[in-house]
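This note is intended for a colleague meeting the structure for the first time. The points below go through selected elements and residues in turn.

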Amino acid sequence: MDTKQYRYTKDNFNIKKAPTWVADSNDQLDKIKDTIDKNIKRIKEAQKKMYAHHRYGVIVVFQAMDAAGKDSMISHIFSGVNTVGFKVANFKQPTSEELQHEYLWRINKALPERGSIGVFNRSYYEDVLVSRVHPELILKANLPGVTTLLDVNKDFFDMRYEDIRNYEKYLSHNGYMILKFFLHVSKEEQKNRFLSRIETPRKNWKFSAADIRERQYWDKYQSAYNKAINATATKENPWYVIPADDKWYSRLIVSDIITKQIEKLPLAYPKMTPDQEGELAKAHQILLNEDGKKN
């Protein structure tokens, strides 16, 4: 499928014009699920080759409003990946320990090893999203030169956007592919999913009163996402804005992008040197001789 329409590499993103729904996305649900399953298998195979070399790593960033489907997206798309080379990091409000360090400190601790796929369920972008909606959170970090809310201004966030662009460039130069997804859900669909969580007993555990409180800041979050995506979308590390009102179609788009991007890496199982092939032949013969001795 053509996913270019969801890719942003410069400041040309307008969240008000970005679709949250794809027309006719439910017309061929069986075909969609079958394609996703095929993508899952391809991701699994690519991850094996990546783990065999330990030269490249992949970081998949998921950002979204509440109830956009991040958790189910992650558990489904990566269901076939070997857990040895796979890890998920969830970033919530910084702890007191994390606030004593620079804001990327906790991110560095969670980076996957090269050879692995690491998923960030929310990420360092929280520090230019939630913090932009609730600037009072910045004051808790005790940053030099930031003593009042007046200091948490446009210049402050422009500096953080620059930090993030440079950080992602640094990771890219060290063998990491970064795939950034914003699951774009509509306010009406979020409302329906919240109602479903409240009205369906088996889903009650998913609901939090904080979800409703944050929903009151919808417009501010939309503005924060618009600014962050435009400021950090680059050719080397683009953003993918995914229509997320239909969970299956959003999984199709995301799994297709991840599959195609990972397969662009020069992945292959390591070739044996002549010495290594000789060692394999010796080991093979030793094992065969053991069977002969038993007889």
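1. Please bear in mind that this is a predicted model. The first residue to consider is Arg-197, which lies in helix α8, spanning residues 187-199. With a relative accessibility of 18%, Arg-197 is classed as buried, because the limit for that class is under 20% relative accessible area.

2. The surroundings of Arg-197 deserve attention. Its side chain comes to 3.4 Å from the backbone oxygen of Lys-206. Once neighbours within four places in sequence are set aside, the contacts of Arg-197 are Ala-67, Lys-203, Asn-204, Lys-206, Phe-207 and Asp-211. Lys-206 therefore appears both in the contact list and as the residue whose backbone oxygen the Arg-197 side chain reaches.

3. Leu-137 belongs to helix α6, residues 136-139. Its relative accessible area is 23%, and Leu-137 is accordingly partly exposed. Neighbours within four places in sequence being left aside, Leu-137 touches Gln-93 and Val-130. As for Thr-234, it is separated from Leu-137 by 97 residues in sequence and by 28 Å in space, taken from C-alpha to C-alpha.

4. Which residues of helix α2 are buried? In this helix, residues 70-77, they are Lys-70, Met-73, Ile-74 and Ile-77. Viewed along the axis of α2, these buried residues lie within an arc of 95°, so they line one face of the helix.

5. Several elements contribute to the cover over the buried residues of α2. Among them are the helices α1 (29-53) and α11 (247-262). The cover also includes the strands β2 (57-64), β3 (86-90), β4 (117-121) and β5 (176-184).

6. Strand β6 covers residues 239-243, and five of its five residues are buried, so the strand is largely enclosed by the rest of the structure. Both of its faces are covered. Trp-239, Val-241 and Pro-243 are buried on one side, while Tyr-240 and Ile-242 are buried on the other.

7. How is β6 paired with β1 and with β5? Strand β1, residues 7-8, runs antiparallel to β6 and is joined to it by two bridges. Within β6, Trp-239 is the residue opposite Tyr-8. The pairing of β5 with β6 is parallel and extends over five bridges. His-184 has Pro-243 of β6 as its bridge partner.

8. Finally, β5 enters this account in two places: β5 is included in the cover over the buried residues of α2, and β5 pairs with β6.

How values were computed:
Residues numbered from 1 in each chain as written. Predicted model: local features only at pLDDT ≥ 70, side-chain atom pairs only at ≥ 80, totals over all residues. Heavy atoms only, no water. Buried < 20%, exposed > 50% of the residue type's maximum accessible area, 1.4 Å probe, protein only. Helix = DSSP H or I, 4+ residues; strand = E, 2+ residues; numbered from the N terminus. Arc of directions from axis to C-beta. Contact = heavy atoms within 4.5 Å. Polar contact = N/O pair within 3.5 Å; in protein donor to acceptor, adjacent residues only side chain to side chain. Pairing = 2+ DSSP bridges.
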